[in-house]
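This report describes one structure, piece by piece. Please keep the sequence and the 3D view open while reading.

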Amino acid sequence: MDMALLGLAAALAVGLSALATAWAQGRIGPAAAASLAEKPELATTAIILIAIPETMVILGFVVAVLILLGGGG
Amino acid sequence: MIVRMLRVRIAGPRPVLDRALTLLQDLGVLHVDRPRIPGGTADPTATRTRRHVERCLRDVEAASECLHLPADARTAATPLTSPAEAVRRARRVRRRADAIARSQAALEDERSLLLRYREFFQVFEALARSELTWPDGQAFYVVLRAGASATLTELKRRLEEAVGGEVEILSRELSTGEWAVLMLASARAAPKVSALLSSSRIDELPAPAGIAEPNLMRALPAIKARLDQLPAALRAAEAERRSLVQSEAAWLSGLRVFLRDHLLRLDAQSQVFSADYLFVIEGWLPAARFADLEQRVLTMLGPEVLVSTIGAEDWRADNAPVTLHNPPLFQPFEILTRTLPLPRYGTIDPTPFVAIFFPAFFGLMVGDVGYGVALAVLAAVMRLKSKPATTVRSLSTVALACSSSAIAFGVIFGEFFGSLGGAIGLRPVFNREQAAIPFLALAVALGGVHIALGLILAGLSAWRRGHRREAVGRSVVLAMLLLTVVSLLAAFRVLPAMLFTPTVITIFAAFVVLVALEGIVALIELLSTVGHILSYARIMALGTASLMLAIVANQMVGAFGSVIVGAVFALLFHLVNFGIALFSPTIHALRLHYVEFFGHFFSPGGGQYRPFGHWRPAP
């Protein structure tokens with residue numbers, strides 16, 4: 001299989017999921033910051049909420065690794 | 001773990017109530033909770049007493065703050081011989097302390113203002129001699145904020161328009177970045193200058209108190225003389241404060257403890273059932289302390305006061321207060337679980353599991369001897385700089401556990417600042433750079449174990465609290481999870497292939513049982529459980545990313561021509577990676593606990609166990 005296509009597929013897997021994570025965190029971050037200004041005791045919840053969308057890019061990264069290793073091998 | 005509590009009832013003759021409350025306050029073990037007994041007679045003086053105590057306490061706290069008296073846990077309560085006299089004395093001390101504090105603040109303000117003038121004068125001393133141009137004229141002193149040179153230009157233009165050559169403007173930038181402006185106007189032009197400044201909303205530098213000399217050169221000696229007097233005045237005020245501290249500090253501190261104790265006693269008293277002839281106190285205490293309480297009540301109050309346990313079956317009392325008690329090794333990890341609300345009584349305290357899995361996940365993600373040692377050094381410094389039983393001390397213990405785990409996994413992975421493991425003789429037992437897929441499988445398998453543990457805890461918790469249906473439901477999900485693993489192993493021929501069909505059929509049968517037990521919502525829960533297990537793939541992802549960044553840092557040494565420049569860049573990159581390695585694995589290990597693991601069994605909403613005792617200041 002063409003290595004260039006595999007590389008492109010891996011890059012898309014990481015890149016698109018990173019964009020999705022960035023978009024979600026961009027929405028959650030300001031809301032969390034606004035909540036923290038009023039209720040600082042929500043810090044843990046805020047950090048967790050911001051970390052939740054990172055699952056997308058992490059799974060994107062895992063898929064990219066699988067594409068590169070599976071296809072290349 | 002959550003400490004097992006007992007609800008106890010103490011009943012006795014009404015005249016013994018005061019002694020009973022004194023004893024309970026001294027023991028400090030009973031979380032007082034109002035008995036569910038209708039009727040009773042309320043103390044008509046309680047509200048008035050509380051108001052007096054609170055007012056007196058406000059005076060004591062205000063005086064203590066003015067005199068900078070810290071709350072000391074070792075201070076003994078000062079018994080009151082005459083409450084009315086104590087109230088009057090507290091008010092007198094508060095007023096005197098307040099007056100001293102205000103005088104000190106005023107002197108400090110005056111000094112800082114005069115120092116500002118002094119700088120102003122030092123800037124203008126040479127130039128100000130030209131003030132004599134108009135011996136009967138007036139000087140205007142203005143300080144403009146930093147960066148106001150445009151305002152100054154505009155001011156000069158408008159003054160020129162208004163009074164022509166009858167005003168002289170001298171300006172100089174101060175060390176603070178502000179602009180000092182001195183305007184010398186003739187007696188005729190002075191009112192116009194004043195009006196212009198007022199309409200431009202430019203405030204003159206306020207004249208210091210007691211120095212109303214309008215002529216700059218004549219005001220200067222008076223200001224210098226006042227500046228010389230101020231240190232002595234400040235010393236006198238401080239001496240007066242110290243004298244007041246010496247005469248009143250011990251009495252004030254003792255009174256504060258007494259009043260705080262008294263408020264706690266009033267709080268407890270409001271939770272007591274009392275009638276004309278008897279009283280009943282109910283409350284919660286750790287089961288292990290019951291025998292001691294019973295013995296002390298019998299010894300101190302006599303046999304007419306009865307102590308008995310009532311009603312509460314083990315772990316089923318929803319309103320029982322919660323206190324955690326973990327072995328010393330696990331205790332520092334309470335800092336991670338206490339960021340969430342307390343678990344409800346009868347459920348499970350996750351601290352011991354966090355103490356085991358949190359460092360393990362962190363170590364798996366970082367997995368580097370170099371970074372682990374760096375973190376251990378940080379943790380040791382935190383430990384040395386912190387006091388026992390503080391948040392920083394707990395954090396240092398958690399960091400130490402995490403660093404040990406990172407070092408241990410670093411040895412297994414053969415990593416020392418990434419690919420430099422070979423240089424210090426490390427041989428990888430498991431090379432995660434090359435074995436990405438096995439590492440992924442390991443991470444997901446670990447997730448399976450963690451989630452299975454969560455399901456077991458959920459089943460146990462539900463069973464203990466009498467929710468049998470829920471307990472069976474959790475067991476069925478657990479069984480389905482295990483059967484899925486068996487069927488996958490059979491499908492990949494790790495286990496005999498003949499096991500595949502029976503396990504799949506059993507999974508379907510278990511699913512039907514689950515839907516019968518929990519409804520269609522079971523399907524969603526099942527899918528979320530699978531999602532939770534897959535979420536542990538982040539351990540592999542973050543670990544691999546950390547390793548790759550470390551390898552890139554090492555490659556910088558040969559990438560810049562000069563070895564020294566490359567080494568500096570490599571060090572900086574390792575520093576950045578170390579920062580990421582501290583933050584990201586912590587957040588994700590926490591998230592795996594809070595979202596994936598706790599989600600199955602953690603039930604927040606427990607009330608804090610607050611035993612009725614003597615007041616202690618917050619550490």
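## Two loop residues in chain B

The loop between helix 11 and helix 12 of chain B contains Phe417(B). The model is a predicted one. Phe417(B) is not a glycine, yet its phi is positive, near 45 degrees. Is Phe417(B) buried or exposed? A residue counts as buried if 20 or more other C-beta atoms lie within 10 Å of its own. Phe417(B) has 24 C-beta neighbours inside 10 Å, so it counts as buried.

Ala389(B) sits in the loop between helix 10 and helix 11 of chain B. Its phi is also positive, about 60 degrees, although Ala389(B) is not a glycine. For the label exposed, the limit is 12 or fewer neighbours. Ala389(B) counts as exposed because it has 9 C-beta neighbours inside 10 Å.

## Two helices of chain B

The table sets out the lengths of helix 9 and helix 13.

| Helix (chain B) | Residues | Expected span | Distance between end C-alpha atoms |
|---|---|---|---|
| Helix 9 | 351–366 (16 residues) | 22 Å | 22 Å |
| Helix 13 | 468–491 (24 residues) | 34 Å | 34 Å |

For helix 9 of chain B, the distance between the end C-alpha atoms agrees with the span expected at 1.5 Å a residue. The same check, at 1.5 Å a residue, also agrees for helix 13 of chain B.

How many of the 16 residues of helix 9 of chain B are buried? Twelve are, so helix 9 is largely enclosed by the rest of the structure. Among them are Phe353(B), Phe358(B), Phe361(B) and Phe362(B), together with Pro359(B) and Gly363(B). The buried residues of this helix pack against helix 8 (334–337), helix 10 (369–385), helix 11 (391–413), helix 12, helix 16 (537–555) and helix 17 (563–601) of chain B. After helix 9 comes Gly367(B), with a positive phi near 45 degrees.

Helix 13 of chain B also has buried residues, including Gly473(B), Arg474(B), Met480(B), Leu483(B) and Ser487(B). What covers the buried residues of helix 13? The cover includes helix 12 (436–464), helix 14 (500–518) and helix 15 (521–535) of chain B. Arg493(B) follows helix 13, and its phi is positive, near 65 degrees.

## The sheet of chain B

Chain B has an open sheet of three strands in the order 3-5-4, paired antiparallel. Strand 3 (138–144) and strand 4 (167–173) are at the edges with a single partner strand each, so one side of each has no neighbour in the sheet. On average, neighbouring strands of this sheet are turned by 15 degrees against each other, direction ignored.

Strand 3 pairs with strand 5 (residues 179–185) of chain B over seven antiparallel bridges. In this pairing, Phe140(B) has Met183(B) of strand 5 as its bridge partner. Strand 4 and strand 5 of chain B are likewise antiparallel and are joined by seven bridges. Here Ser171(B) stands opposite Val181(B) of strand 5. Strand 4 and strand 5 form a hairpin with five residues between them, and Gly177(B) in the turn has a positive phi of about 95 degrees.

Two helices of chain B lie across strand 3, strand 4 and strand 5. Helix 4 (residues 149–163) is one of these, running at about 175 degrees to strand 4. Helix 5 (residues 190–199) is another, running at about 20 degrees to strand 3.

## Chain A and its contact with chain B

Chain A has three helices and zero strands, and its pattern along the sequence is α-α-α. The radius of gyration of chain A is 17 Å, well over the 11 Å that the globule rule gives for 73 residues, so chain A is more spread out than a compact globule. Its C-alpha atoms fill a box of roughly 55 × 15 × 10 Å along the principal axes. Of the 73 residues in chain A, 19% count as buried.

The contact between the chains takes eleven residues from chain A and 16 residues from chain B. On the side of chain A that touches chain B, helix 2 (43–51) and helix 3 (54–72) each supply at least two residues. Which helix gives the largest share of that side? Helix 3 of chain A does, with seven residues. By type, the residues of this side of chain A divide into nine nonpolar, two polar and no charged.

Notes: Residues numbered from 1 in each chain as written. Chains lettered and ligands numbered in written order. Predicted model: local features only at pLDDT ≥ 70, side-chain atom pairs only at ≥ 80, totals over all residues. Pairing = 2+ DSSP bridges. Helix = DSSP H or I, 4+ residues; strand = E, 2+ residues; numbered from the N terminus. Axes fitted to C-alpha atoms, helices over the stretch in contact; angles between N-to-C directions. Contact = placed C-beta atoms within 7 Å. Nonpolar A, V, L, I, M, F, W, Y, C, P; charged D, E, K, R; others polar. Rg over C-alpha atoms; globule rule 2.2 N^0.38 Å. Expected span 1.5 Å × (residues − 1).
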